[in-house]
Amino acid sequence: MNYSIVTLGCKVNQYESQAMGELLLQSGFTPAADQESCDIIIINSCTVTATSDQKVRQLLRRSRRNHPDAVLVLTGCMPQAFPDVAQRFEEADIVLGNSSRRCLPSYITAFLSHHQRIVDIKPHQDNRTFEPLSVNQFHERTRAFVKIEDGCNRFCSYCIIPYARGRVRSKPLDQLKQELCSLVQSGYQEVVLVGINLSAYGQDLGLHLCDAVECACGIDGIERVRLGSLEPEQMDNAVVERLSRLKKLCPQFHLSLQSGCDETLQRMNRHYTASEYTEIVGNLRKHFPNCSITTDIMVGFPGETEEEFRRSLAFAEQIGFSKAHVFAYSPRPGTRAAEAQGQLTNSVKENRSRQMIALTLKTRAQFLSNQVNKIEQVLFETACKDGIYEGYTENYTPVRVESPVSLCGKLLSVRLTRAGENWCEGVLSDGSIKP
């Protein structure tokens, strides 16, 4: 029988979907050529916002309507965070929490045998260890994501994720090394270390994120190591200086901000100030010349005054982010912020979103302009159209190059010649091809 996995949400979910796919392959199931003809549909859900839950409901209903005879599986963060709600989704034949993924093949086999609904959502326990998932290959990808951390202990006032993911758990270094070596054998030159709260890696093992990065950089065959989203409070100068010694670590840092106003950060239960964030960015730029600093910025948080928003806007301009994901706050049932006083209207939030997006697009344009005339190593990933190939520099600048032969999968030296709307154009340097 064949299967299709639909992934909603973050890079960690993408990794876990790939891992579930490999478990199914090992059990004799095969990937569907297209979702129209699949026997099994697995929805790996996200629950970060109420809108995410709505997408899950719509996807379940549509999948059941279009595939009345398929085995429909719901797993991921949504059922884990809201088990009572998820169990009521009658469209799903199998409902699994975040700790039951390894049981997926056996549960599908059991359902096919007796056609009785299966629900397995185990509550998180503080003494749980890291789930031993691994991935050997990412289909149609040049870089591989490697999940090294799960869970979060921070409890930001707007966030449901600690309830969906539990407490911090980290992948042991021996398991990480084994998985990385396997990815090298599959031909990957670049890996991205990801986690729910990546900066907290190792807290449960007496280790630090730097230990995982050093492990990855020490693997022969891996040319580049990237980090997923980072929380600022773990990134002091000693950590940044230690990371700067690793030549394979890409100078790209997604440093979550949320707000540039201290009062707003305090209501969010974020554990840093705007000045501390500025200091971290300064240390990164000192130790990693020409690094890119990307971020997430939330506008319209409950109680955010016009003055607070102006301070956040000015802060984003001061930092000069190379890219920012800007989004308006939306109440998440089950969190403290959803019940807070001072909820703002949609029109106010939309207006502030437009202003912040316009500003961060301006700083991105400046960043891309600053890359022109540099010679950078580009790992090419995709063919945009005939003769045009796109890849990324070490600091994650997208680069497009014209070539009569395919460049996909190649790490090449490129001189950047022009800044486009959202990328740089370039030409190959002589002798740039690496074997």
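# A guided tour, starting at Ser259

Select Ser259 and show its side chain: it reaches the backbone nitrogen of Cys261 at 3.1 Å. Keep in mind as you look around that this is a predicted model.

**Stop 1: the loop after β11**

Ser259 sits in the loop between β11 and α10, the helix of residues 262-268. Is Ser259 buried or exposed? With a relative accessibility of 0%, Ser259 counts as buried. Now show what surrounds it: setting aside neighbours within four places in sequence, Ser259 is in contact with Thr264, Leu265, Met268 and Ser312.

Next, select Gln258, which belongs to the loop between β11 and α10 as well. Its phi is near 75°, a positive value in a residue other than glycine. Gln258 is buried, at a relative accessible area of 6%.

**Stop 2: strand β11 and Gln252**

Move back along the chain to strand β11, residues 252-254, and pick Gln252. Which side chain shares a polar contact with that of Gln252? Add Arg226 to your selection: the two side chains are joined by a polar contact of 2.9 Å. Gln252 has a relative accessible area of 10%; because buried means under 20%, Gln252 counts as buried. Not counting residues up to four places away in sequence, Gln252 touches Arg226, Ser292, Glu394, Asn395 and Tyr396.

Tyr396 from that list deserves a click of its own. You will find Tyr396 in the loop between β15 (388-392) and β16 (398-402). Tyr396 has a positive phi of about 70° although it is not a glycine. At 29% relative accessibility, Tyr396 is partly exposed.

**Stop 3: helix α11 and the nonpolar core**

Now select residues 274-287, helix α11. This helix has 14 residues, which at 1.5 Å a residue should span 20 Å, and its end C-alpha atoms are indeed 20 Å apart. Which residues of α11 are buried? Colour Ala274, Tyr277, Ile280, Val281, Asn283 and Leu284 to see them. Here is a hint for reading that pattern: an α-helix has 3.6 residues a turn, so residues three or four places apart point the same way. Among the elements covering the buried residues of α11 are α9 (237-244), β11, α10, β12 and α12.

Stay with Tyr277. Leaving aside neighbours within four places in sequence, Tyr277 is in contact with ten residues you can list in the viewer, including Pro232, Leu255, Leu257, Ile293, Thr295 and Phe315. Tyr277 also belongs to the largest nonpolar core, which has 98 residues; Val213, Tyr277 and Leu284 have the most contacts inside this core. Helix α8 (residues 209-217) gives the most to this core, with seven residues. A second, separate core has 14 residues, among them Tyr3, Phe29, Ile42 and Leu96.

**Stop 4: from β12 to β13**

Select strand β12 (residues 292-299) and strand β13 (residues 323-328). They run parallel and are joined by six bridges. To see one pairing, pick Thr295, whose bridge partner in β13 is Ala324. How does the chain get from β12 to β13? Follow it through helix α12, residues 306-319: this β-α-β crossover is right-handed.

**Stop 5: helix α13**

Select residues 346-371 for helix α13. Its 26 residues reach 37 Å from first C-alpha to last, close to the 38 Å expected at 1.5 Å a residue. The buried residues of α13 include Lys349, Arg352, Met356, Leu359, Phe367 and Leu368. What covers the buried residues of α13 includes β12, α12, β13, β16, β17 (411-419) and β18 (424-428). Just after the helix, click Asn373, which takes a positive phi of about 80°.

**Stop 6: a six-stranded sheet**

Finally, show strands β1 to β6. These six strands form an open sheet with parallel pairing, in the order β2-β1-β3-β4-β5-β6. Which strands stand at the edges? They are β2 (30-31) and β6 (118-120); each has a single partner strand, so one side of each is left without a neighbour in the sheet. Within the sheet, select β4 (residues 71-76) and β5 (residues 94-96), which pair in the parallel sense over two bridges. Val73 stands opposite Ile94 in β5.

For a last click, choose Gln58 in helix α2, residues 50-66. Gln58 is partly exposed, with a relative accessible area of 40%. Draw a distance line to Arg128: the two residues are 70 apart in sequence, and their C-alpha atoms are 32 Å apart in space.

Key. Residues are numbered from 1 along each chain as its sequence is written. Side-chain values use heavy atoms; hydrogens and water are left out. Helices (H or I, at least four residues) and strands (E, at least two) are DSSP runs, numbered from the N terminus. Buried means under 20% relative accessible area, exposed over 50%, partly exposed in between (1.4 Å probe, protein chains only). A polar contact is a pair of N or O atoms within 3.5 Å; within protein, one must be able to donate a hydrogen and the other to accept it, and residues adjacent in sequence count only if both atoms are side-chain atoms. Contact means heavy atoms within 4.5 Å. Two strands pair if DSSP finds at least two bridges between them. A crossover is right-handed if, with the strands pointing away from the viewer, the path from the first strand over the helix to the second runs clockwise. The expected span of a helix is 1.5 Å times one less than its number of residues. A nonpolar core is a set of buried Ala, Val, Leu, Ile, Met, Phe, Trp, Tyr and Cys residues joined through side-chain atoms within 4.5 Å.
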